[in-house]
Amino acid sequence: MVPAVARAIRILRYLARHGDRGATLAQIHRALDLNKSTCHNILKTLQRYGFLEFMPPSRRYRLGHALVELGRLSRYVRPHPSVGVRLSPRKMRHRGWGGMITDKFEYLVPRTVAEAVSLLQRHRGEAKLLAGGHSLIPLMKLRLATPRYLVDLNRIDGLADINEAGGFLRVGALTRHADIETSDLILSRYPLLADAARVIADPLVRNMGTIGGSLAHADPAGDWGAAMLAARAQVVVSGARGERILPIDEFLVDMFTTALQPDEIVTEIRVPQPPPRSGGAYVKLERKVGDFAIVAVGVSVVLDGKDRCEQVGLGLCNVGATSLRARRAEEALRGKTPDEEAIAGAARAAAEECDPTSDLRGPAEYKRDIVRVLGARALRLAVQRARGGV
Ligand SMILES: Cc1cc2nc3c(=O)[nH]c(=O)nc-3n(C[C@H](O)[C@H](O)[C@H](O)COP(=O)(O)OP(=O)(O)OC[C@H]3O[C@@H](n4cnc5c(N)ncnc54)[C@H](O)[C@@H]3O)c2cc1C
């Protein structure tokens, strides 16, 4: 076994014995006789992937919720020769464990954003916001999330509007994917967003899932992250200390991690209004209709009077720990006429700077090449639209 993995397992075992209280870095590295900085690096990696939680006030680490739940679940899992493990529903029911039923929670229904913020403050660390529920509820059913309080945003007025004001398209956080897909304003002026909304999951999910929930969830496979990076969007958040407006690059921090504070709510997404001779496109490859992307690429371009690229935005989906902005590809095209050679160069740069992993959707090298192919397709389409074509 790789030494770092062996050390990580020792750390996890040690913390499992310490339960909810957890342990400090000093306690862990002394008890396990590990070099302090190595121990710190392993702890940070484990934390990054959700295996550990860091508790800032006490500076202690404890097992992440998913691991604690898996530990509980393992009592109800039995080996099966063909599939490795198989759940035993009868045993689960017999022991009073509901399987696909969420843990108990209290359901709270604020009527204003301020009320929702104060509920988050009151139940700090124990409350979760509910929007469309299409990411949160499955996690709760698997007991990978077990909030004690669920704060439903759906009865707050004014969070689902789509309009243009002050130089921006403003989309309320609670706007459903389906409303974006069918909005006349978006269909006529924001092709990048229209393309993206159309390929998210299936109509059932699109009818419920929201743009704010999707961005707050920060799934690297979520389509809105890449589309919004390409569109240079801003995210408006409200919290106890008032309102903040964050560029999307700052909002998306890491896998399932955003810059949101525990008492903050996403209220609006702002996309700069398109200047003349601008175009956008979102192109996605999926294993079957309705699936998350193998790879998707979002593009926005603005052409100047001489048909050169004045602005370029390129966002990549599912080829990194978070949605990625392909900065080198943008740079490769800026100031150039977007002919076939320039487009191919930018698409190659995007393929080089992405960071895919091999998984059930394909090997990393395949995904990298798909970034190149889709990158070129999306760029061609966006340029064609900027020139007044389809
Ligand atoms: C079968 C299936 C297929 C899917 N396929 C795709 C796909 O192809 N592409 C894609 O992009 N997505 C896909 N999704 C995810 C879907 O788009 C979700 O709707 C979305 O990720 C989450 O939005 P939601 O409104 O349902 O959020 P919820 O599930 O309600 O919440 C998700 C998280 O965000 C937090 N949150 C919600 N709203 C806010 C807010 N306003 N402010 C702060 N935090 C908030 C919640 O507390 C929770 O932690 C799929 C989902 C399913 C079930």
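Begin by selecting helix H6, residues 113–122, in this predicted model; the helix lies across strand E11 (234–239) and strand E15, and its direction runs at about 125° to that of E15.

From there, extend the selection to the sheet to which E11 and E15 belong, an open sheet of five strands in the order E9-E10-E15-E11-E12, with antiparallel pairing. The edge strands are E9 and E12 (242–247), each of which pairs on one side only, and neighbouring strands of this sheet are turned by 25° against each other on average, if direction is ignored.

Next, select E9 (residues 162–165) together with E10 (residues 168–172), which run antiparallel and are joined by four bridges. Isoleucine 162 has valine 171 of E10 as its bridge partner, while alanine 165 stands opposite phenylalanine 168 in E10. Two residues lie between the strands of this hairpin, and in the hairpin glycine 166 takes a positive phi near 60°. Moving across to the other partner, E10 is joined to E15 by five bridges, again in an antiparallel arrangement, and here glycine 172 can be found opposite glutamate 268 in E15.

Strand E15 (265–272) also leads to the ligand, since E15 is among the elements that give two or more residues to the shell around the ligand, along with E7, H7, helix H12 (211–217) and helix H13 (223–231). Select the 30 residues around the ligand, of which Gly132, Ala201, Gly209, Gly213 and Ala216 come nearest. Which helix gives the most to the shell around the ligand? That helix is H12, with five residues. If the shell is coloured by residue class, the residues divide into 16 nonpolar, 11 polar and three charged.

Two elements of that shell, E7 and H7, open the next stop. Select strand E7 (residues 127–130) with E8, to which E7 is joined by four bridges in a parallel arrangement; within this pair, leucine 130 has aspartate 152 of E8 as its bridge partner. To follow the connection between these strands, trace the chain from E7 through helix H7 (residues 136–141) to E8, a β-α-β crossover that is right-handed. Strand E8 (residues 149–152) is also joined to strand E6 (residues 106–108), by three bridges and likewise in parallel, and leucine 108 stands opposite valine 151 in E8.

Now turn to another open sheet, made of four strands in the order E16-E17-E18-E19, in which the pairing is antiparallel. Strand E16 (278–286) and strand E19 (324–325) stand at the edges, and because each has a single partner strand, one side of each is left without a neighbour in the sheet. Selecting E16 with E17 (residues 293–303) shows two antiparallel strands joined by nine bridges, where glutamate 286 stands opposite alanine 293 in E17.

Two helices can then be added to this view. Helix H10 (residues 191–198) lies across E16 and E17 and runs at about 15° to E16. Helix H17 packs on the sheet as well, touching E16, E17 and strand E18 (309–317), and its direction makes about 35° with that of E17.

Finish with H17 by itself, residues 364–386, and compare its length with expectation: at 1.5 Å a residue, its 23 residues should span 33 Å, and because the end C-alpha atoms are 32 Å apart, the two values agree. Colouring side chains along a helix is easier to read with one point in mind, namely that an α-helix has 3.6 residues a turn, so residues three or four places apart point the same way. The last residue to pick out is glycine 388, which follows H17 and has a positive phi, near 100°.

How values were computed:
Residues numbered from 1 in each chain as written. Predicted model: local features only at pLDDT ≥ 70, side-chain atom pairs only at ≥ 80, totals over all residues. Expected span 1.5 Å × (residues − 1). Pairing = 2+ DSSP bridges. Right-handed = clockwise from strand over helix to strand, strands pointing away. Contact = placed C-beta atoms within 7 Å. Axes fitted to C-alpha atoms, helices over the stretch in contact; angles between N-to-C directions. Near = placed C-beta within 6 Å. Nonpolar A, V, L, I, M, F, W, Y, C, P; charged D, E, K, R; others polar.
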